[in-house]
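Grab the model and work through the exercises below, one step at a time. Try each task yourself before reading the solution under it.

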Amino acid sequence: MLRLTAIVLPINFVLGTLAAHLIGGMLWGPSAVFGAILVVTGPTVILPLLRHARLERRSAAFLKWEATVNDPVGAILTAIVIEILVGLPHRSGEEALTDLALHLAEGATAAAILGSGSAFLVAWAFRRDLVPETLKTPLLLALALVAYAVPNLLMHEAGLIGATVFGVALANLHVPGIGELRRFKEALVVLIVSCLFVVLTADLDPAVLGKLSLPVLALTAATLFVVRPAVIWLATWRSDLTWRERLFVGWIGPRGIVAAAVAGLAGPRLSEAGYAGGDLIQPTVFAVIVATVLAHGFSLGPLARRFGLSVAADAERLAIVGASPWSSALALALHRAGVPVLLVDTYPGALRAARAGGVPTLQAELLSREAEEGLADQPPDRLLAATRDELYNALVCTRLAPELGRERVY
């Protein structure tokens, strides 16, 4: 995580800016915005790919958390770079830098306070049962919009900081009953992202698309074949990643909806501020998005299998809950037959026979946060609840059916 945030992001920003200026022919201002936008890798793209590719744990975790962490950080970095570019030319001298720094600090601080305060308000109200069930989802949506809109009154795009802090704080406060709301959020995200891609693409001016020249195409190629691999190789130098893992992660870096959305805001803003080439940011970023989604999307699975970083693509993973003699024998038989299987139980003694036979096991209560984290990098495709407690088996199936599918829990 330290490498992803403290090393990958700044190196990516610097190399992306240099590539945009030296290869794409952009001025330094638009180049810096382009470099800030492309520090992100799209979780809306990479997470579905990881679900189907069945990567081994470490590479999957690296790509997953890079997309999850750097996505909002990259959006915030872009907002700050734009604010500096737009605000600095209208001021002069040391006093101008001080005013700009205070302006940025004011907007970022207000956004962070409002975002974290909204999250603590939700946790306080939910734990005291002060919000009816029917109003919990509308309340969360309203607070997310408030955390985004109010900071924008102080600093343009500071709402990105407020909304991001609100989400991060809410996720770490472990608010009870948030699972149902999370599923609503995921459905809402699919609808919004689908509409947003259409709207952003429709907003592209055909005349601007006609300006996509050889330097822009060369910049796209440099982003795929030079910038991304160089960033990962530098950031993972002297780490415990193998050369295959470094090469694989250095190639896979698709951009998604956040890059598209931020580019749609940044281009017009720079053009209005008088920066030549600002109108090229949006089509250039879209060119990178299309190229990375196609190249990385189609190559992720075959490359992972070529490097030995994935399990069999046609084998579904089964989780068996409850390590009785019967279920342990079943897990061992499936394991010997080559079926990916995971045996889950809270008692280490019950797992001893399965472990001796080489069966992967997880010692945790399946509905606990510990088990949720343990299954995050190796999620099951199907689940068999086989404990001696029929009520607990029903509870497990009811809890996991919305995530795995109601026809995939037994």
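**Exercise 1.** Is Trp28 buried, partly exposed or exposed?

*Solution.* Before starting, note that this is a predicted model, where local features need pLDDT of at least 70 and side-chain atom pairs count only at pLDDT 80 or more, while totals for chains, interfaces and linings use all residues. Residues are numbered from 1 along each chain as its sequence is written, and side-chain values use heavy atoms, with hydrogens and water left out.

Step 1: get the classes straight. Buried means under 20% relative accessible area, exposed means over 50%, and partly exposed is in between (1.4 Å probe, protein chains only).

Step 2: read off the value. Trp28 has a relative accessible area of 48%, so Trp28 is partly exposed.

Step 3: place the residue. Trp28 sits in helix H2 (residues 28–37); helices are DSSP runs of H or I with at least four residues, strands are runs of E with at least two, and both are numbered from the N terminus.

**Exercise 2.** Find the nonpolar patch that includes Trp28, and say which helix gives the most to this patch.

*Solution.* Step 1: recall the rule. A patch takes residues with over 30% relative accessible area and no salt bridge; like charges are joined within 9 Å, and nonpolar side chains (Val, Leu, Ile, Met, Phe, Trp, Tyr) within 5 Å.

Step 2: list the members. Trp28 is joined in the surface patch by Val14, Leu18, Leu22 and Ile23, and together they have about 480 Å² of accessible area (Shrake-Rupley method, 1.4 Å probe, with only the protein chains shown counting as cover for residues).

Step 3: assign the helix. H1 (residues 2–22) gives the most, with three residues.

**Exercise 3.** Check the length of H1 and look for a kink in this helix.

*Solution.* Step 1: work out the expected span, which is 1.5 Å times one less than the number of residues. For the 21 residues of H1 that should be 30 Å, and the end C-alpha atoms are 29 Å apart, which agrees.

Step 2: look for the kink. There is one of about 35° at Val8, shortly before the proline Pro10; the bend is the angle between axes fitted to the seven residues ending at a residue and the seven starting there.

Step 3: look at burial. Among the buried residues of H1 are Leu4, Val8, Leu9 and Asn12.

Step 4: repeat for H8 (residues 178–202). With 25 residues, H8 reaches 35 Å from its first C-alpha to its last, close to the 36 Å expected. Ile178, Leu181, Val193 and Leu200 are buried in H8.

**Exercise 4.** How many salt bridges does the model have, and which parts of the chain does the Arg58–Asp240 pair link?

*Solution.* Step 1: apply the rule, a side-chain nitrogen of Lys or Arg within 4 Å of a carboxyl oxygen of Asp or Glu. The count comes to seven salt bridges.

Step 2: take Arg58 and Asp240, whose closest N and O atoms are 3.3 Å apart. This pair links distant parts of the chain, 182 residues apart: Arg58 is in helix H4, and Asp240 is in the loop between helix H10 (214–235) and helix H11 (243–251). Arg58 is partly exposed at 34% relative accessibility, whereas Asp240 is exposed at 57%.

Step 3: try Arg382 and Glu316, which meet in a salt bridge at 2.7 Å, N to O. Here Arg382 is in strand E4 (residues 382–385) and Glu316 is in the loop between helix H13 (281–306) and E1, 66 residues apart.

Step 4: try a pair within one helix. Arg399 and Glu403 form a salt bridge at 2.7 Å, N to O, and both lie in helix H17 (residues 390–404), four residues apart, about one turn. An α-helix has 3.6 residues a turn, so residues three or four places apart point the same way. Both ends are partly exposed, Arg399 at 32% and Glu403 at 49%.

**Exercise 5.** Which way do the side chains of strand E1 point, and what is the bridge partner of Ile320 in E2?

*Solution.* Step 1: sort the residues of E1 (residues 318–321). Leu318 and Ile320 point one way, Ala319 and Val321 the other way, and all are buried.

Step 2: find the pairing. Four bridges join E1 to strand E2 (residues 341–345), and the two run parallel; strands pair if DSSP finds at least two bridges between them. The partner of Ile320 is Leu343.
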